[in-house]
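Let's take a walk through this one together, starting from the inside and working outwards. Have the viewer open and follow along.

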Amino acid sequence: MRITVDLDLCQGHAMCELEAPEVFEVPPRQKVRVLDPEPADDLRPQVTAAVRYCPTRALTLQEP
Ligand code: SF4
């Protein structure tokens, strides 16, 4: 799986970091930083939750 971010949509809510701190980092008052754009499959539940709960739908999950 591969994560893409639309930084125009990201508003720094940090829900993604809450769900998957191994993959997303959101510094205070900044936009998301994807630490691992192609995370291992065992992180799928956390990553899927992060994508689902992003309030601005800035995250997309692509399968190869
Ligand atoms: S949850 Fe969405 S809007 Fe919030 S920091 Fe993550 S990507 Fe950005």
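What follows looks at the ligand and its surroundings, then at the cavity, and finally at the aromatic rings.

Keep in mind that this is a predicted model. Let's begin with the ligand. Which residues come nearest to the ligand? They are Cys10, His13, Ala14, Cys16 and Cys54, out of 13 residues around the ligand. If you sort that shell by character, you get nine nonpolar residues and four polar ones, with no charged residue in the set.

Now think about the protein with the ligand's space left empty. The structure holds one cavity of 30 Å³ or more, and the largest cavity is the space that the ligand takes up. How much space lies in the largest cavity? The figure is about 90 Å³. Its lining is made of 14 residues, and the ones nearest the centre of the cavity are Cys10, His13, Ala14, Cys16 and Cys54. Those names should ring a bell, as they also come nearest to the ligand. By character, the cavity lining splits into 10 nonpolar and four polar residues, again with no charged ones.

On to the aromatic rings. How many aromatic pairs does a search of the whole structure find? The count is zero. There is a contact of another kind to look at, though: Arg52 places its charged end over the ring of Tyr53, 6.0 Å from the ring's centre.

Terms used. Residues numbered from 1 in each chain as written. Predicted model: local features only at pLDDT ≥ 70, side-chain atom pairs only at ≥ 80, totals over all residues. Heavy atoms only, no water. Near = heavy atom within 4 Å. 1 Å grid on protein atoms, 1.4 Å probe; cavity = no way out; pocket = protein on both sides within 12 Å on 5 of 7 lines; lining within 4 Å. Sits in = over half its atoms within 2 Å of the grid points. Nonpolar A, V, L, I, M, F, W, Y, C, P; charged D, E, K, R; others polar. Points joined across faces, edges and corners; volume = space filled by probe spheres on them. Phe/Tyr/Trp six-rings, centres within 6.5 Å; stacked < 30°, edge-to-face > 60°. Lys NZ or Arg CZ within 6 Å of the ring centre and 35° of its normal.
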